[in-house]
Amino acid sequence: MKLRPKRTAAQRAADDRHGGRPAGTSSAPPTATALRRTLRIITPHLSRHTWLIIAGLAALLADVVFRILEPWPIKIAVDAVTAALGANIGTSFGLGSGPATTLAATAIGLAVIVAGRALANYTSTICFALVGARVATQLRSRVFDHIQALSLKYHSRASIGDTSQRLVGDIGRLQEVAVTAGLPLLGNIITLALLLVVMVVLDPVLSAIVLATAVVYGLLSRFSTPKITTASRSTRKGEGRLVGSAAEALGAIRVVQAYGLERTVAADFADGNERALRAGVRARRLAAGLERSTDVLVGISQALVLAFGSYQVLRGAMTPGDLVLFLLYLKIAMKPLRDMAKYTGRIARATASGERIADLLDEPIEIADRPDALTMGPVSGDVVFDGIRSQDGHGRPLFDGLDLLIPAGQRVGILGASGAGKSTLTSYLLRLAQPEEGHIYLDGYDTAKVTRSSLRGSVSVLLQESVLFAASVRENIRYGRLDATDAEVEAAARAARADEFIRELPDGYDTVLGNRGDTLSGGQRQRLAIARALVRSAPVVVFDEASTGLDPRTRAQVTESLWALTEGRTGIVITHDVAMVRGLDRVVWLEGGRIVEDGSPQVLAADPSSRLAQWMRDQDDGQGSDRFAEAAPARIRSAVTRRGGQPRRSTAVEAGAHR
């Protein structure tokens, strides 16, 4: 876990000045490029929903038409009432059958228009909501597939919590904003454009006031939007770090509790939470400032129109109905400005989320199938490493022209000091990573030229930590080969010495395991992993410290299962278990990027000067120390007496101490 020291008030203030991110870090200023990147990741998914989009746009246009028609019945009614009261208002709309008929007709017309607008609005909302939900689902699947295709190099440095936040939270925000802000914003822009045309026709002078208001709003929005996007980006990044911190702490909860780190971890989480809160408040404050500025602007515009329009009515240039119509149009036109101020903040926050998704999709897939990749046929298990050269994560040479041939059916142990590249070598075989130079062959197939699925289908892997899933025992074993029958699953479990304890579980093979199989012991989890590898029936089996951390009895059971698994298969074994090494056909010792020892374990162990012999002596000494440590408490207890509840050394022990 990465525990950061608590930041001082001065540091937090500096963070606030930098948009919520730690001072000294860079953040590219948000531009239209951010919105273009967001649209670019969504656009490929829109073509599948063309008819829904067309239906939504048609309903949206109908909604706009109904908005424009809605004030007209009110204008006609006002003019009809004004004329009936004896005012001379000049030419106006009327039905010619008296004010009662006119008022009834306008009331019915208004009801029809409002109902039509409601239906159009409902239709457009449903259509675009369906498009948004489907596009979000497809985008989430696309991002998840991309994440899975990224190399171990990326996953080793990426935060699981932050990646999960992008996959779920950021895509969810995009979907929500597309429906709640993008759709209304599009309708408002169309409405505003059409209303300006109608208002210019009705009264060019009054429409100039509305146009000036729109220009001033545009300037305010252009000034505020980048700041809102910057703050929103900081908020999303802070939330991602917060999720990562929580996931990291909960994933290591045993260590946290065992070492009493609860307060330290809580303080670290609270610090990140506070910074995310400040960035979020800043984004909301900026968005609210834009909204309220727009309210003031709209109020001034309405006051000017009311004053000048009233003057126009008094001098006979407009009818009272015209003034009411213009004021209603002004209200309708001002609502899009208010809404655009509100939606600008939402869209800015969605753009920040879109950028985070785009950044993830821009991560290069370092290991991918070639366009002409071959599908491997059945193989026997001959493995060849030819001229492997690569560097470690710090840029230092790891392999320097390494060559290794492993015949089919041979059990080979790969040993060496920590950091010699043992696990890296097996990662190259599986194409989880790739060397800078050299080739790996499996039965003559160049692994770089075959599909990853066919290559990995030919190799079973057993790791030190047996990863199980929150599924039934049967399904966990079947993950080795998805088309395995129940009989094959149970046969694999028997061969792995797992059948007995499985049948003792509450629901046997149908027992659903907890998170990562934590309800089972280490040995039980490992035997389930062996059963999963057995049902895969791959010609090559890789063990990477598969028996480490198990007690002697469980280790013996697991080792027995491992030998059953490698029967007739190629086994590549990385281990610190001397007993397992002695049962191998061959051992190779890695050092300095090359193989410095290669032979049977019996021959190498018989040579006192060999590295393997020295390693075995060290392992035996370590086991001897462990045995002494286990026996020591009994000897110490026999040599310790208690006086007044306090331990005291016996005379013999004290004499030995003085000597």
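**Exercise 1.** In this predicted model, state whether Phe399 and Tyr428 are buried or exposed, then classify the geometry of the aromatic pair they form.

*Solution.*
1. Both Phe399 and Tyr428 are buried.
2. A pair of aromatic rings is described by the distance of the centres and the angle of the planes.
3. For Phe399 and Tyr428 the centres are 6.1 Å apart and the planes make an angle of 65°.
4. Planes over 60 degrees apart count as edge-to-face, and the Phe399–Tyr428 pair is edge-to-face.
5. Phe399 belongs to strand 2 and Tyr428 to helix 12 (residues 422-430), so the contact ties together parts 29 residues apart in sequence.

**Exercise 2.** Classify the pair formed by Phe469 and Tyr479, and locate both residues in the chain.

*Solution.*
1. The ring centres of Phe469 and Tyr479 are 5.2 Å apart with planes at 85°, so this pair is edge-to-face.
2. Phe469 sits in the loop between strand 6 (459-463) and helix 14 (473-478), while Tyr479 sits in the loop between helix 14 and helix 15 (486-495).
3. The two residues are ten apart along the chain.
4. Phe469 has 42% relative accessibility and therefore counts as partly exposed; Tyr479, at 37%, is also partly exposed.
5. Searching the whole structure gives two aromatic pairs.

**Exercise 3.** Determine the secondary structure of residues 50-69 and 100-120.

*Solution.*
1. An unreviewed UniProt entry lists both spans, along with 205-223, under "transmembrane region".
2. Residues 50-69 are 100% helix and 0% strand, with end C-alpha atoms 29 Å apart.
3. Residues 100-120 are 100% helix and 0% strand, with an end-to-end C-alpha distance of 30 Å.

Methods
Residues are numbered from 1 along each chain as its sequence is written. This is a predicted model: local features need pLDDT of at least 70, side-chain atom pairs count only at pLDDT 80 or more; totals for chains, interfaces and linings use all residues. Side-chain values use heavy atoms; hydrogens and water are left out. UniProt positions are given in the numbering used here, feature names are shortened, and annotations may be inferred rather than shown by experiment. Helices (H or I, at least four residues) and strands (E, at least two) are DSSP runs, numbered from the N terminus. Rings of Phe, Tyr and Trp (its six-membered ring) pair if their centres lie within 6.5 Å; planes under 30 degrees apart count as stacked, over 60 as edge-to-face and the rest as tilted. Buried means under 20% relative accessible area, exposed over 50%, partly exposed in between (1.4 Å probe, protein chains only).
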